[in-house]
Amino acid sequence: MLKLWKWYQHCLSSHPVKTQIISSGILWGIGDVGAQYITHSTAVNRLKKPDVETEFKVNWKRAAITGLFGFGFVGPVGHFWYEGLDKLIRLRLKMPPKSIRFVATKVAADGIIFGPIDLFVFFTYMGFSTGKSVDQVKEDVKRDFLPALILEGGVWPIVQIANFRYVPVRYQLLYVNMFCLLDSAFLSWVEQQNDAPWKRWFTSFRSLKEEDDEERL
């Protein structure tokens, strides 16, 4: 394990962008396999019918598609995002590194800017990559974006506080990618749930709010 970590440090020093791109792709692909297993197990336990296929088989095409999201978006964009965010806040805004204001500003920027963009790109990409039409992708984003944003909003700020406070900038994407192993499983699971009952709760809440706004007008 120590040798693997030293090898990763060497690769990160020599080829930081390439190393983070490759590691992001691998972790997002593994995360999707986890999501497939959770979705399969949930379906089997819920149906409990003798004619339902109980053997779990990995959809490697889907795992590859999800891995390409980590490879093509999270890796390169995440690398420049964390590097640029640190320079902006530390050099332009003149905030002392590791201070409460420094960490809080980073967490807020990450949650308000990068988080929503990451979710929007993920659901849009997954829709188009599986052959869906523009209208279908719009419906999927409308259905999945808000539930994922709200549920993730309770977890990622805690993860990022520790990241921005204790982890050196060069390792921040790796730290995030370790949690992305769980996050990719979660997002893939959300996307595979289609029109699940728990998603309708968010949709109905949004519809009630829109109706109240219309009545006020």
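In the residue classes used here, Ala, Val, Leu, Ile, Met, Phe, Trp, Tyr, Cys and Pro count as nonpolar, Asp, Glu, Lys and Arg as charged, and the others, Gly among them, as polar. With that in hand, welcome to this structure, which is a predicted model.

## The overall picture

Start with the fold. The protein has eight helices and zero strands, and from the N terminus on its elements run α-α-α-α-α-α-α-α. Of its 217 residues, 40% count as buried.

One residue to look for early in the chain is L12, which lies in helix α1 (residues 2-14). L12 has a relative accessible area of 3%, so it is buried. The C-alpha atoms of L12 and Y171 are separated by 8.8 Å, although the two residues are 159 residues apart along the chain.

## A walk along α3

Next, follow helix α3, which covers residues 60-92. Its 33 residues reach 45 Å from the first C-alpha to the last, close to the 48 Å expected at 1.5 Å a residue.

At the N-terminal end of α3, N59 acts as a cap: one of its side-chain oxygens lies 3.2 Å from the backbone nitrogen of K61. Further on, there is a kink of about 35° at V74, shortly before the proline P76. Just after the helix, K94 takes a positive phi of about 60°.

Helix α3 also holds H79. Is H79 buried or exposed? Its relative accessible area is 9%, and residues under 20% count as buried, so H79 is buried. The side chain of H79 makes a polar contact with the side chain of Q20, at 2.5 Å.

## The enclosed space

H79 and Q20 turn up again in the lining of the largest cavity, together with G78, Y82, E83, V169, R170 and L173. The count comes to one cavity of 30 Å³ or more, and about 30 Å³ of space lies in the largest cavity. Two elements, α3 and α7, give two or more residues to its lining. The largest share, four residues, comes from α3. By class, the lining of this cavity has three nonpolar, three polar and two charged residues.

## An open pocket

Now for a space that is open. The second largest pocket holds about 360 Å³ of space. Its lining is made up of 22 residues, and D110, G111, G115, E152 and W156 are the ones that lie nearest its centre. The elements that give two or more residues to this lining are α3, α4 (100-129), α5 (134-153), α6 (156-166) and α7 (169-192). Which element gives the most to the lining of the second largest pocket? That is α4, with eight residues.

The table sets out the two linings by class.

| Space | Nonpolar | Polar | Charged |
|---|---|---|---|
| Lining of the largest cavity | three nonpolar residues | three polar residues | two charged residues |
| Lining of the second largest pocket | 13 nonpolar residues | five polar residues | four charged residues |

## Putting it together

Helix α3 is a good thread to follow through the model. It carries the kink at V74, holds the buried residue H79, and gives four residues to the lining of the largest cavity. Helix α3 is also among the elements that give two or more residues to the lining of the second largest pocket. Helix α7 appears in both places too: it is named for the lining of the largest cavity and for that of the second largest pocket.

Terms used: Residues are numbered from 1 along each chain as its sequence is written. This is a predicted model: local features need pLDDT of at least 70, side-chain atom pairs count only at pLDDT 80 or more; totals for chains, interfaces and linings use all residues. Side-chain values use heavy atoms; hydrogens and water are left out. On a 1 Å grid over the protein atoms alone, a cavity is a set of points where a 1.4 Å probe fits but cannot get out, and a pocket is an open set with protein on both sides within 12 Å along at least five of seven lines; lining residues have an atom within 4 Å of a point. Grid points are joined across faces, edges and corners, and a volume is the space filled by probe spheres set on the points. The expected span of a helix is 1.5 Å times one less than its number of residues. The bend at a residue is the angle between axes fitted to the seven residues ending there and the seven starting there. A polar contact is a pair of N or O atoms within 3.5 Å; within protein, one must be able to donate a hydrogen and the other to accept it, and residues adjacent in sequence count only if both atoms are side-chain atoms. Buried means under 20% relative accessible area, exposed over 50%, partly exposed in between (1.4 Å probe, protein chains only).
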